[in-house]
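Please open the structure in your viewer and keep the selection panel at hand. We will go from stop to stop, selecting a part each time and reading what is there.

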Amino acid sequence: MGIRFGEEGKVMLATCTMKRVLLLPVLIVLVACGGGSPVGGSTPGAGLGTIKIGALEPLSGSTASSGQDTLHGIEVATEVLNGKLSVPGLPGLSDGKIQLLTEDTQGNPQTATAAVDRLVQTEKVAALIGAFQSSVTLVAAQRADRLGIPWVNGASSSPALTRQGFKYFFRTGPSDLTFAKSFYDFLKSISKQHPVKRVVVIHENDAFGNDGAAAVTQLSSQYGVEVADNIVYQLNSTDLTSQVQKIRAANPDAVFTFAYINDAVLMSKTMAQLGYTPPAILAFGSGWSDPTFIPTMGKLADAAMTRAAWSISYTEKNQAAKVVADYFVRKYGLPMTENSARSFTAMMTLGQAIANARSTDPEKIREALAAIKITRTIMPWPGVKFDSSGQNVEAQGVIAQIQNGKYEVVYPASAATASVIWPMPSLTGR
Amino acid sequence: MPLQDIAQALISGLLIGAVYALVAVGLTLIFGVMDVVNFAHGNLLMAGMYAAFFAWLGLHLDPLASLPLVAIAVALLAGVAYQLCIRPVLKGPPLAQIIVTFGLLVLTTGLAQVLFTANTRGVTNPLVGPVRLSVAQVVIGGPQLVTAAGALLCTAAVYAFLRYTEVGAAILAVAEDPDAARLMGIDPDRVNLLTWLIAGASVGVAGGLLMNFYTVNPTAGTDFGLVAFVAVAMAGFGSIGGAVVAGLAMGCVQTLTGLVGPQYGFAAIFVLYLVVVLVRPRGLYGTR
């Protein structure tokens, strides 16, 4: 009897545990959703009323820190549009309130596409924004395009995105072709003191890395630079020794990198360990502009350069940028980055288009986006104006260098806050 | 190709392979003793990495100094996981065990993100960070060397414990035949718990050591977990010596292939695995 009783008890315990195990993920999902989507204070009866916008970002997975940072930019822009934060020169909506519906792409194109379907068909959003990783944006925006919903993107940089013939896709930020041009213009400007004849490209094996590397290669011949090697690796590598060895073997004058945060950290540490310091690291953002890069790397981060659409030091030159960036760090405890600044600008552009369209009809918003002309932003470029492919022709890149743990703009001269350190001081022994 | 490049790749491969081996040891031990494939194993590694990170951040302990603490913490976590989630389904069908350990993987990844945020974190200046050995242009980084040496020592300790202690013999006895072991007065349930504690401690050591040069985020365990699975499957489930050989071999294959085409390093591991299981379906050292 005793044994029987005991065993029954065991089964009960097991069921309880199982229930707990099954319930917890549900709770977590609920908590995560609750944190991600602020409830829009709708004003019933007033003109446009509640305007639903779907935001897709990688909020879990290995690029989640960058995804969350990007989402924060969208959230702050929503507060500006809804009149909760007033920024000089950036008006809010005079009519209607934006309600942001957040979806986690998990960095996965299929998940993102399913999220697009849900947001469009169930939630009836007026427009979409996101999705950070170019490879995810590419697939998800394709679905949105077929459904006829406008998509405004700030932070994906693959040149391929505006070559698909999408009708509803608009990118406010620069593409990697624009960024590569900025890099080469920068290299040309310093060519007297520091001539760069050979470069190596090391990149991740996805749309961001492959298309970006192609953009660099495409421009290099125009600028008379030889691409000595083109090195590929997989996301979240456990070891990058052979990659760094290959860079060293090519002996370049500068190294272009396309890497997300984990690999960016591992790559820099591996270089330091192998005792190899390239004359310059020219990063296409991402890992090198992730908010956790400098805190994690400490002194090893210094003197690396990254293309940026924005830099915290630019707030010295733009009052609106300063107000937004100050509010951002107060709210999230992390400084605004070029990723959040780009997504902020994408959301502000979308808000302006909705105001111009005076409608939540996707078709009208698309027309307003195509015709938009914005001259005041928080970015170091003239404004927003789209060409027929949906690319903002005003977008430009700046070159930032990490100096004493801070991003300083070193090019162009008009936005520069510091002069460049070249060549890179030895990584080993810092 | 210069000889020193090949030597460098080989050394780097052995160094990372030692870590793969230690992660694989815990996994193979759990399978060997109770036939449970622990899909959440990579997340025990992740827990060890976080434990070492927070010991550094909060207590200012170097990853090497906090290693015993980290090992104990992860061992306890593994023990709790066993008591709460694994033990109740041990008598159930294998599918139930797979679902529970897989569920644990998803749950703990989610929990880590809620508790620790998705940010990638790393120890900024580990004690062994600046150490470098250089022999004939082949460089061995201090962090990698310490990590690999620690991993091999810990693996050897687990092996010696099983081989030369009475408790170890009890574990091996349960692995061999739980019913016969019970007849000999060994309580398989306690042995199972002990196995989880040992597996947790060893993977915790791996996680703590990795923080000397690697970064952690809520999905950090997934890639190492996957490699550990391949090591265990390639070696033959349950073989500790085999897991070590497989782990080291995988590290070398990854870095040597990387010399030719860096993008194929990880793929080469899986090709090696496929070749092994095609030629010898039960794995290199498998007996069943």
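Begin by colouring chain B and chain A separately in this predicted model, and look at where they meet: the two chains bury about 3700 Å² between them, and 56% of that area lies on carbon and sulfur atoms. If you select the residues in contact, you will pick up 45 residues from chain B and 44 residues from chain A. How many residue pairs are in polar contact across the interface of chain B and chain A? The rule finds 10 such pairs, both residues having pLDDT 80 or more, whereas it finds zero salt bridges across this interface.

Stay with the side of chain B that touches chain A, and select the elements that give two or more residues to it, which are H1, helix H3 (67-86), helix H4 (94-116), strand E2 (138-141), helix H5 (142-164), H9 and helix H10 (240-260) of chain B. H1(B) gives the most, with seven residues. Taken by class, the residues on this side of chain B divide into 21 nonpolar, 19 polar and five charged.

Next, keep helix H1 (residues 3-34) and helix H9 (residues 220-235) of chain B on display, and turn the view until you can see how their axes come within 8 Å and cross at roughly 75 degrees. An angle from 65 to 115 degrees counts as roughly perpendicular, and H1(B) and H9(B) are therefore roughly perpendicular to each other. To see the contact itself, show the residues that make it, among them Ile16(B), Tyr20(B) and Leu27(B) of H1(B), together with Phe224(B), Phe229(B) and Val232(B) of H9(B). This contact has 12 nonpolar residues, one polar residue and no charged residues.

Now move to chain A and select Lys52(A) and Glu123(A), whose side chains meet in a salt bridge with an N to O distance of 3.2 Å. The pair links distant parts of the chain, since Lys52(A) is in strand E1 (residues 50-57) and Glu123(A) is in the loop between helix H3 (109-122) and strand E3 (127-130) of chain A, 71 residues apart. Over all chains, a search of the whole structure finds 13 salt bridges.

In the loop between H3 and E3 of chain A you can also select Lys124(A), a residue other than glycine whose phi is positive, near 55 degrees.

Two peptide bonds make the last stops. Gly130(A) and Ala131(A) are joined by a cis peptide bond with omega about 0 degrees, and Ala131(A) is in the loop between E3 and helix H4 (134-147) of chain A. The bond from Trp422(A) to Pro423(A) is cis, with omega near -5 degrees, and Pro423(A) lies in the segment after strand E12 (406-411) of chain A.

How values were computed: Residues numbered from 1 in each chain as written. Chains lettered and ligands numbered in written order. Predicted model: local features only at pLDDT ≥ 70, side-chain atom pairs only at ≥ 80, totals over all residues. Heavy atoms only, no water. Axes fitted to C-alpha atoms, helices over the stretch in contact; angles between N-to-C directions. Helix = DSSP H or I, 4+ residues; strand = E, 2+ residues; numbered from the N terminus. Parallel < 35°, antiparallel > 145°, perpendicular 65-115°, else oblique. Contact = heavy atoms within 4.5 Å. Nonpolar A, V, L, I, M, F, W, Y, C, P; charged D, E, K, R; others polar. Buried area = accessible area lost by both parts, 1.4 Å probe. Salt bridge = Lys/Arg side-chain N within 4 Å of Asp/Glu carboxyl O. Polar contact = N/O pair within 3.5 Å; in protein donor to acceptor, adjacent residues only side chain to side chain.
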